[in-house]
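Dear colleague,

Please find below the structure that I am handing over to you. My notes on it follow directly after the sequence and the model.

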Amino acid sequence: MASKIFRISCPRSELDLNITLQCGQSFRWRRVSPGSEKWRGVVGNVVWTLSQDDSYLICQPHFSHSQYTTPYFSQHGRKRKKDMELGIQIKPTNSEKVLDCISVRMLRQDPVENVFSFICSSNNNIQRITMLVDRLCKLYGSLLTTVEGTTWHSFPTVAVLAGDGVEDTLRAEGFGYRAKFIHKSAKQILERGGEKWLHSLRLLPYKECHSQLMSLHGVGAKVSDCICLMSMGHLDAIPVDTHVFQIAARDYLPHLKTRKTVTDKVYQEIGDHFRTVFGEYAGWAHSVLFSADLKIFQALRPESQNGNKKQGIKKCKHL
DNA sequence: ACCCGACCTGCTAT
DNA sequence: AATAGCAGGTCGG
C-alpha cells in the first residue's frame, strides 16, 4: 500500500543515509536489496523507504493505517562542522576516513526502542545486536504491514516486555544474560509510569537524565550516554565504549595506552576531554570518529549516482 | 573511590 | 579441529 512520497531538502553532505543508518545508532534499517541505496525501516508505527540524491531525502511511508510521525533526524545544524574541523586540526590521525564520515547525522530516536536496543548492545557486536533487536520486534512487537513479501513489526511496548515469562523466553532465544536486564528494566519503567516517564526524562538536564537512566538494570554509564545522545537530545553526551577508549588513547590521551580497562574515572576523563575539544556537539563528533573506525566503513567511497524520478511529491519539514 | 572477575552467545583468528 | 579472543558493558563483590 504505497502512498505519497515526501521530498525533504537536505544536502547529502549534512546527512548521508548509508552512514547514518548503519553506524550503530539504530539497528532497525535494512537495504531494500543487497547493494541498494534505498533503505527500509520502522519509525514509530510506520514503515518507511528512504533514499536520497545530493540535495534531497526521498521518503515513502508504507501505511497499513493512518498515522503520522515525529521528527526522526535531529536538527543540529552546520555549526557542528566547525567543531569537527577544530578537532581534526588538533588530532589529524585517521583524518581521511573521518572526513568520509562527517555526514553522519544523529537520529532522534524513540527512548523505548533506544533503551532496549542498547541493553542488547552490552559486550556484543553490531551484527548480533541487530539480530537480537529484530528478534525482539518479531516476538513482542505487532505486525505493521508487509512490503515486497517482508513483514515489518513495531518495537514492543514496555508493558509487553514487562510481562510474565519474558526473561525465560528471551534467554531461550539467545539473548543471554541480557534477558534479565530487559525484563527487569521494563518492570522498573512501568513502575515509574511507563513510556510517559521515559519520555519525560527529555525535560531533564544532561547529568540528571544520565543518572535516572542508570537506575535501570542493565543500563550503565555507556548505555545511558547512548540514550542521552540518541534519543534524549543531549548532543554533548559521549558514550565511551572499548572502541572510543582505543581512539582516545591513540589520538587524544596517550597516557591511557597503558590502561587495560575503562574505569569510571577514565570514562569521565574521556568524555570531558571530547567536550573540551569539540564543544556542544561533542556527541556528534564522537559519532563521526566512531563511524570512521567501524570496519564496515573502512573501504567507504560513497559515489553518488542519482537522477531520481519523482511523482506526487509533497513538501515535508521533517521526518 | 577504585578495580576485578563473571557473564551469554557466536563469529574470527590461530 | 579445538580453543582463545573479542564484540558499541554491567553488576556485585
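**Asn 123 and the two DNA strands**

Asn 123 counts as exposed because its relative accessibility is 72%. This value, like the others in this message, comes from a predicted model. Asn 123 sits in the loop that runs between helix 4 (111–119) and helix 5 (126–140). Its phi is near 50°, a positive value in a residue other than glycine. For comparison, most residues other than glycine have a negative phi. Asn 123 is listed among the residues around DNA strand B, and it is also one of those that come nearest to DNA strand C.

A second residue with such a backbone angle is Glu 148, which is not a glycine and has a positive phi of about 50°. Glu 148 belongs to the loop between strand 6 (143–147) and strand 7 (150–153). With 65% relative accessibility, Glu 148 counts as exposed, because the cut-off for that class is over 50%.

**DNA strand B**

Besides Asn 123, the surroundings of DNA strand B include Arg 128, Arg 171, Tyr 177, Arg 178, Arg 259 and Lys 265. By class, this surface has five charged residues, four polar ones and one nonpolar one. Of the strand B atoms within 4 Å of the protein, 65% are part of sugar or phosphate, and the rest are part of bases.

Three polar contacts may be of interest to you:

- The side chain of Arg 128 places an N or O atom 3.2 Å from a base oxygen of DNA strand B.
- Arg 171 has a polar side-chain atom 3.1 Å from a sugar or linking oxygen of DNA strand B.
- Tyr 177 uses a backbone N or O atom, which lies 3.3 Å from a sugar or linking oxygen of DNA strand B.

**DNA strand C**

There are 25 residues around DNA strand C, and those that come nearest are Gly 24, Asn 123, Ile 126, Gly 218 and Gly 220. The surface near this strand divides into 12 polar, 11 nonpolar and two charged residues. Sugar or phosphate accounts for 57% of the strand C atoms within 4 Å of the protein, and bases account for the rest.

A polar backbone atom of Ile 126 is 2.6 Å from a phosphate oxygen of DNA strand C. Two side chains are paired with base nitrogens of this strand: an N or O atom of Asp 241 at 3.1 Å, and a polar atom of His 286 at 3.2 Å. The elements that give two or more residues to this surface are helix 11 (221–231) and helix 14 (282–293). Which of the elements gives the most to the surface near DNA strand C? Helix 11 does, with five residues.

**Helix 11 and the loop before it**

Helix 11 also packs with helix 4, at an angle of about 150° and with the axes 10 Å apart. The two helices are therefore roughly antiparallel to each other, since angles over 145 degrees fall in that class. The crossing in which helix 4 passes helix 11 is right-handed.

Val 219 is located in the loop between helix 10 (206–214) and helix 11. Is Val 219 buried or exposed? Val 219 counts as buried because its relative accessibility is 4%, and the limit for that class is under 20%. From Val 219 to Asp 53, the separation is 166 residues in sequence and 38 Å in space, C-alpha to C-alpha.

Yours sincerely

Definitions and conventions:
Residues are numbered from 1 along each chain as its sequence is written. Chains are lettered from A and ligands numbered from 1 in the order in which they are written. This is a predicted model: local features need pLDDT of at least 70, side-chain atom pairs count only at pLDDT 80 or more; totals for chains, interfaces and linings use all residues. Side-chain values use heavy atoms; hydrogens and water are left out. A residue is near a molecule or strand if one of its heavy atoms lies within 4 Å of it. A polar contact is a pair of N or O atoms within 3.5 Å; within protein, one must be able to donate a hydrogen and the other to accept it, and residues adjacent in sequence count only if both atoms are side-chain atoms. Ala, Val, Leu, Ile, Met, Phe, Trp, Tyr, Cys and Pro count as nonpolar, Asp, Glu, Lys and Arg as charged, and the others, Gly among them, as polar. Helices (H or I, at least four residues) and strands (E, at least two) are DSSP runs, numbered from the N terminus. Buried means under 20% relative accessible area, exposed over 50%, partly exposed in between (1.4 Å probe, protein chains only). Axes are lines fitted to C-alpha atoms, for helices over the stretch in contact, and angles run from 0 to 180 degrees between N-to-C directions. Angles under 35 degrees count as roughly parallel, over 145 as roughly antiparallel, 65 to 115 as roughly perpendicular and the rest as oblique. A crossing is left-handed if the near helix is turned anticlockwise from the far one by less than a right angle, and right-handed if clockwise.
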